[in-house]
There are 2 protein chains.
Amino acid sequence: SPDHCHSSNDRQKPSASMSSKPIKLTYFDIPGRGEPLRLAMWIGDMKFEDERIEFKDWPALKPKTCWGSLPMLTLPSGEEFAQTRTLGRFVGKKTGLYPEDPVAAMRVDEILDTVEDLQSATNSAGQGLEKKEKEKKRKEAMESGKPAKILKKLDCYSKKHGKPGYMVGDKITLADLFVFSYTGFVISSGFFDGVPTDALNDYPSLLAVRKTVDSHPAVS
Amino acid sequence: SPDHCHSSNDRQKPSASMSSKPIKLTYFDIPGRGEPLRLAMWIGDMKFEDERIEFKDWPALKPKTCWGSLPMLTLPSGEEFAQTRTLGRFVGKKTGLYPEDPVAAMRVDEILDTVEDLQSATNSAGQGLEKKEKEKKRKEAMESGKPAKILKKLDCYSKKHGKPGYMVGDKITLADLFVFSYTGFVISSGFFDGVPTDALNDYPSLLAVRKTVDSHPAVS
């Protein structure tokens with residue numbers, strides 16, 4: 001029978017001193033999908049190795065990783081884990097940024113999945129079109145398409161389920177960090193051609209959440 | 001300042017008898033994204049109202065829901081929640097199908113996100129092409145493209161991190177239910193034109209996981 005498996009941990013063997021090693025986060029030297037994880041560990045005061053890979057080095061490293069994707073979290077044991085929200089939830093549990101109450105946790109999870117939808121809906125808008133036409137479609141999408149609908153829902157959600165400045169409840173959670181990072185990436189990073197940089201101005205509750213994160217002492 | 005919010009709970013007001021009401025799962029009368037949630041509640045012996053909506057009734061219902069998407073979970077309080085994996089995790093916590101240990105939980109989460117990637121990679125293959133050409137691309141993708149790579153990784157993962165018949169550890173978890181439902185949906189449902197119905201035959205560990213779920217007394 002076929003065996004597709006190869007050792008994924010060749011890159012880093014557990015060693016005698018492993019218990020003293022911190023968790024390692026591996027990502028590129030950009031905010032992107034690494035940012036909400038770094039924010040959680042900075043805000044949660046969790047010691048970690050902040051490994052930043054150059055884009056040019058990734059093709060050689062990729063086949064040596066378990067999942068072939070970044071961000072990646074490596075435990076002191078050498079075990080590797082992937083998937084942004086999966087890692088976020090683990091870090092959130094360790095830092096108190098992910099609620100223990102299952103209903104509150106479900107609220108946070110809902111937001112994590114929804115900001116991912118925001119990014120993929122923005123990315124899809126105008127896909128395959130020439131630059132000018134794509135930028136036009138993207139702009140329209142941000143004004144009245146699926147991304148706009150998602151932003152409205154998130155804004156509303158914050159009003160309903162969070163105190164001002166928070167997505168859920170009355171203190172900072174993973175949900176705020178993901179909203180901060182994903183709205184920043186989608187709207188003001190310049191990565192998505194055609195998205196107006198003022199696209200968040202109609203969503204005051206989301207702006208308040210951004211401010212909560214941005215003005216946290218561990219961040220600013 | 002703009003207010004995008006409207007009441008999302010008009011459809012079901014909390015009532016005096018709410019504490020005796022079970023949780024309600026609302027989805028279409030197909031397996032799809034509802035299946036892993038139903039499986040978790042059947043296997044975990046959790047009482048729930050299995051509300052099945054006809055496709056023709058959805059357009060009228062959609063604007064009355066909080067998120068405009070199914071599956072949807074309604075708590076006895078009337079609060080509505082969406083996002084398949086979010087709901088799965090909540091149900092998994094209630095039924096013991098989601099590990100309490102954060103590392104084991106991270107393993108389960110990794111699988112949940114990866115089967116979602118499997119579905120979107122399969123869906124993307126050949127997108128926008130005519131039927132025949134699309135079917136050809138899909139078949140190729142399942143043999144050597146991104147979906148094939150993901151299936152190989154999942155098969156390997158089960159060998160490494162689970163006892164035979166399990167994705168993670170030595171008992172059934174949410175990860176097994178999601179692998180069962182998503183591989184079933186992607187490969188044998190006929191929903192994705194061009195995917196060979198024997199596409200799982202090269203992955204014996206995944207077939208073993210499927211068998212574990214399919215032969216569970218609460219399922220078969």
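A good place to start is A:E51, a residue found in strand β2 of chain A. Keep in mind as you browse that this is a predicted model. From A:E51 we can step out to the sheet around it, then to the helices, and finally to how the two chains relate.

**A:E51 and its partner**
- Is A:E51 buried or exposed? Its relative accessibility is 18%, so A:E51 counts as buried, the cut-off for buried being under 20%.
- Across the strands, A:E51 of β2(A) is the bridge partner of A:T26.
- The side chains of these two residues also meet: A:E51 makes a polar contact with A:T26 at 2.6 Å.

**The sheet of chain A**
- In general, the strands of a sheet pair through backbone hydrogen bonds, in either a parallel or an antiparallel way.
- Here, 4 strands of chain A form an open sheet with mixed pairing, and their order is β2-β1-β3-β4.
- Which strands sit at the edges? They are β2 (48-53) and β4 (80-82) of chain A, each of which pairs on one side only.
- On average, neighbouring strands of this sheet are turned by 25° against each other, with direction ignored.
- Strand β1 of chain A covers residues 23-28, runs parallel to β2(A) and is joined to that strand by 6 bridges.

**Helices lying across the sheet**
- Helix α1 of chain A (residues 35-43) lies across β1 and β2 of chain A, and runs at about 155° to β2(A).
- Chain B contributes a helix here too: α4 of chain B (residues 102-124) lies across β3 (72-74) and β4 of chain A.
- The angle between that chain B helix, α4, and β4(A) is about 45°.

**Helix α6 of chain B**
- This helix takes in residues 146-161 of chain B, and at 1.5 Å a residue its 16 residues should span 22 Å. The end C-alpha atoms of α6 are 22 Å apart, so the expected span and the model agree.
- Buried residues in α6(B) include B:P147, B:A148, B:I150, B:L151 and B:L154. Also buried in α6(B) are B:D155, B:C156, B:Y157 and B:S158.
- What do the buried residues of α6(B) pack against? Their neighbours are α4, α5 (131-144), α7 (174-188) and α8 (204-214) of chain B.

**How the two chains relate**
- A turn of 180° with a shift of 0.0 Å along the axis lays chain A on chain B, with an RMSD of 0.0 Å.
- That is the relation of a two-fold axis.
- Both copies use the same surface, since 100% of the contact residues of chain A recur in chain B.

Key. Residues are numbered from 1 along each chain as its sequence is written. Chains are lettered from A and ligands numbered from 1 in the order in which they are written. This is a predicted model: local features need pLDDT of at least 70, side-chain atom pairs count only at pLDDT 80 or more; totals for chains, interfaces and linings use all residues. Side-chain values use heavy atoms; hydrogens and water are left out. Two strands pair if DSSP finds at least two bridges between them. Axes are lines fitted to C-alpha atoms, for helices over the stretch in contact, and angles run from 0 to 180 degrees between N-to-C directions. Contact means heavy atoms within 4.5 Å. Copies are superposed by least squares on the C-alpha atoms of residues with pLDDT of at least 70 in both. The expected span of a helix is 1.5 Å times one less than its number of residues. Buried means under 20% relative accessible area, exposed over 50%, partly exposed in between (1.4 Å probe, protein chains only). A polar contact is a pair of N or O atoms within 3.5 Å; within protein, one must be able to donate a hydrogen and the other to accept it, and residues adjacent in sequence count only if both atoms are side-chain atoms.
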